[in-house]
Each structure stands twice: as C-alpha cells, then as structure tokens.
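Let's take a walk through this structure together, one group of contacts at a time. Keep the viewer open as you read.

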Amino acid sequence: MKTAAMTHLDGPSVPRRDRFAACIIRNPVSSVLPRGESDRQRSYHKRQKSLTNGSSRGFFHLHKTKCSKQSRLQKHLSKMAGQPKTSSTGQPVRAHETRTSNTKSRQIESFAALPPGSVSPAKRQIKEVKETKATINCVTFPLPGEGPEQQLLKPDEWSYCDYFWADKKDPQGATSLPGFEVLLQKQLKGKQMQKEMSEFIHERTKIEEEYAKNLSKLSLSPLAAQEEGTLGEAWTQLKKSLHDEAEVHLKFANKLHTEVEKPLLTFRGDHFKKDLKKYDHHMADLRKQLASRFASVEKARKALADRQKDLEVKTQQLEVKLSNKTEEDIKKARRKSTQAGDDLMRCVDLYNQTQSKWFEEMVTASMELEKLEVERIEWIQQHLRQYTTLRHETDMFNQSTVEPVDQLLQNVDPSKDRELWVKENKTGEVRPVDMDI
C-alpha cells in the first residue's frame, strides 16, 4: 500500500523503487516508511542525520568528501528499500535530490560532486591567505604587492616607528638582529659619542691650562727688561699682557670644564643604560611570547592536518565497507577535526593578539627612543654652542689685553727715545776742532 508521499512522487518516468529512495532523503520520518521496516530505516536516518550535521559543523573538512560517497549512499538506500543496486552515477535519485528543499543534503551533494584532487573553497581561501602573507622570524608581513598599500604612521618625518619592523641580518653571522635592537644600539652609540666628546673637551681644557701656565711663566721673563723709552714702556706692557692673557685662558679652561666637559660627561648617567636594558628585556619578552604563540599555531596547524588526513582515511574506508563501527570512527574523526580546527582558530587569535600588543609596544618604545635621541642631539648642540661662546669671549678678553700694547706702540717715538737716552747718557756737547800750527 502506498503512502501519501509515495503517491505524490508517482510518475511514468520514475520507477517506484527510486521514488521510495527519494522519499527517504526528502522526508526521513516514519510516516512514509512501509510497516515492518520502520525501525531499520529510522536507525539509518538517525545515522545519516548525524553524519550530515557533523559535516556541516566541521572545520575545513567538507572538502574531503569524495564524489564516490554519494554513490555509496545511494546504494545503501536502495538496499534498505529492497531495491537492486543502482549505477554509480545514480541519475534517478539525483534527479529527485535536486528538487528537495533539504539544505544539508544539497551541501553534501555540492561538496561530494567535487572531482578527486580538487580544492574546496575553504582550503582555497587558506591558500590565498598564505600566498599574500609571509611569516619571518615569527612576525607576519604582507607580501610585496599584496593587500592594501600601507601608509606611514608619521609621513615625511623618517620616524623610528616606520622603518624598523623587520629584523636586520648580522653581517658577521647567521643570526638576525631585531629592529628594536638596532634602535637600542643607536642609543648606546650616541652615549659613547657623547662620552668621547667630553674627553675631547677635557683634552682641550688641559691644553688651555698648560697654555695659561706657560704664558704666565713667560710674562715673568727678564728678557729685554733693560729696554728704555717709549719702546721700553710698550715692551713692558706686552709682557704684562701675557700675564693677563694667561688669566683669560685659565678662566676659559675652567669654564670649559664646568660648562661643557662635565655636562657632556654626566648627561644621562648609569641609570640611562639601566633604562635601556628595561626596554630591551620588555621587547625581548614580547618577541618570545610571539614566538611561543607562533609555535602553538604551527603545532595546531599540523594537528589539524593530521586530523583531516585521518578523517580522509576513514572516509575512504567507509567507501569500501559500510558499517556502524566505521561510521562511529568517522564521527570521532570529524569531532577531532572540528576540535583541531577550533584549537587552530584559538591559537591564531592568541597569536594575533600578542602580535598586536608587540606592535603597540614597538610604536611606543621606538617613539620614546626617538625622543631620547632628539634630546641628546639638542643637549650636545647646546653645549657645543657654549664652547663657541666661551671661545669668542676668550678672544674678546685677549683682545682687551692687547689693546694697551697697541696704544703704547702707537706712541713709540724714536726721536723722543733718542732725546731721553742722550740726556741720560751724554758725554759732552763741545765738539772737537782743528789743531793750529
């Protein structure tokens, strides 16, 4: 006796057995099943529903379904309905399946219809992601020409935060140097340059002190002390100016030490290196966390691939022999594959969070180091200007010591000097005359 659903499917071009198989797919309820086979068919439908639902919930494993699975399902349905085995193409059943409203059945058919060796849309999407991005030393970068063009964070400023994301290859070895380490080395080099500048000014100070000492000593020399007249006065003033100049250079040396050398030496003392070490340790810890997250992603990715391979093997086994045990193994494999997919998504999410944190800290720390470098340069500039100011002042003071000498030299009068010398040293005014015979 026919049921209502079976009567609805009657038609001259559709065999009765095919119509019954279509009814099972279309309306898998006991009301459409012949009496005596309800329990058996209901048990199959329950297994079929769990398999269908599991495949729709799986992560990246729908593409593993082969087109032979559809043929296997059709053969099994025909056997349960008391029909002879259908052909591998299963055209009669497929004609009714295309008209059914069951979304999950259509989803199975669409993925089962993929030819062997083809790539599912989900897997194809993963490959596209891998082709547009590359992970270098656990940091993910877009490949050149892929994705939207990145804009500089601080355009036209050549800021540290825009140009030190990648690692720098060490020319002396195979290891690479993180971009942040390059910035730290710049700070340490700047500290060393500042120290060497202070040493240079120290040597300049010693020269000034030695020069002042020698000038003072020379000013006391008795040489030409017997010079007389206006020229003698100028000579005496010149020697005195040496003593004054020595005082000027001694003051210049003292100011160089207190206003240039010492500030350069004490600017950012030992605490500065400690602060740099804190930066270094903090960023190194973030890179270690990022490396750990990346390792977890790779481990989860491998686990997912293993689960997918296991699921594919069990699916192939099901194609050979259909049994409850094999179907249960597929369910377990599918659950494990789904769990592995969830684990991979969680690991990728944690990796992205860690990389985002590292990115934020890199921007903050690099801009802080940039600010420190600006402060260092401005500090050195300020004190080198102080050096030139002191040098100009020294020249002015030296000029003031020479001005009296200039005035006395302008007053030098050979005639007056001769007059004075003659008056002091004359031996007689009467000139000799001729002798008379």
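What follows goes through aromatic pairs, nonpolar cores, a surface patch and salt bridges, and ends on an alanine.

One thing before we start: this is a predicted model.

Let's begin with the rings. How many aromatic pairs does the structure hold? There are seven. Take W158 and Y163: their ring centres sit 5.1 Å apart and their planes make an angle of 20°, so this pair counts as stacked. Is W158 buried or exposed? With a relative accessible area of 67%, W158 is exposed, because anything over 50% gets that label. Its partner Y163 comes out at 37%, which makes Y163 partly exposed.

Now contrast that with W165 and W358. This pair is edge-to-face, with 5.7 Å from centre to centre and 75° between the planes. Here W165 belongs to the loop between α8 (160–163) and β3 (168–169), while W358 is part of helix α12 (residues 324–410), so the pair ties together parts that lie 193 residues apart in sequence. Both rings are on the covered side of the cut-off, as buried means under 20% relative accessible area: W165 has 18% and W358 has 4%. Add F359 and you get one aromatic cluster, made of W165, W358 and F359.

W358 is a handy place to step into the nonpolar interior. In general, nonpolar side chains in soluble globular proteins tend to be buried together. In this model the largest nonpolar core has 25 residues, and the members touching the most other members are F180, M283, W358, M362 and L369. Which elements give two or more residues to this core? They are α8, α9 (179–219), α11 (270–320) and α12. Of these, α12 gives the most, with ten residues. If you select W358 and leave out residues up to four places away in sequence, you'll find that W358 touches V139, W165, M283, L286, R287 and L290. Apart from the largest core there is another one, of seven residues, including I201, F252, L256 and I380.

Back out to the surface for a moment. The stacked pair turns up again here, since W158 and Y163 join L152 in a nonpolar surface patch. Together L152, W158 and Y163 have about 360 Å² of accessible area. For orientation, W158 lies in the loop between β2 (139–142) and α8.

On to the charges. Side chains of opposite charge can pair when their charged atoms come close. A search of the whole structure turns up 16 salt bridges. One of them joins E373 and K186, with the closest N and O atoms 3.6 Å apart. This pair links distant parts of the chain, as E373 is in helix α12 and K186 in helix α9, 187 residues apart. The two ends have their own levels of cover: E373 is buried at 6% relative accessible area, whereas K186 is partly exposed at 34%.

A second link from α12 runs between E375 and R268, where the closest N and O atoms are 3.0 Å apart. Where does R268 lie? R268 is in the loop between α10 (229–266) and α11, and E375 is in helix α12, 107 residues apart from R268. In this pair the glutamate E375 counts as partly exposed, at 34%, and the arginine R268 is buried, at 11%.

The salt bridge of R391 with D395 is a local one to look at. R391 and D395 both lie in helix α12, four residues apart, or about one turn of the helix. Their closest N and O atoms are 2.3 Å apart. R391 is partly exposed at 30%, and D395 is partly exposed at 35%. There is also a network of salt bridges to trace, linking K154, E157 and E370.

Last stop: A333, again in helix α12. How is A333 placed, buried or exposed? At 2% relative accessibility, A333 counts as buried. In sequence, A333 and L311 are 22 residues apart, while in space their C-alpha atoms are 5.3 Å apart. Setting aside residues up to four places away in sequence, A333 touches D310, L311 and K314.

Technical notes: Residues numbered from 1 in each chain as written. Predicted model: local features only at pLDDT ≥ 70, side-chain atom pairs only at ≥ 80, totals over all residues. Heavy atoms only, no water. Phe/Tyr/Trp six-rings, centres within 6.5 Å; stacked < 30°, edge-to-face > 60°. Buried < 20%, exposed > 50% of the residue type's maximum accessible area, 1.4 Å probe, protein only. Core = buried A, V, L, I, M, F, W, Y, C linked by side-chain atoms within 4.5 Å. Contact = heavy atoms within 4.5 Å. Patch = residues over 30% accessible without salt bridge, like charges linked within 9 Å, V, L, I, M, F, W, Y side chains within 5 Å. Areas by Shrake-Rupley, 256 points an atom, 1.4 Å probe, with all protein chains shown as cover. Salt bridge = Lys/Arg side-chain N within 4 Å of Asp/Glu carboxyl O.
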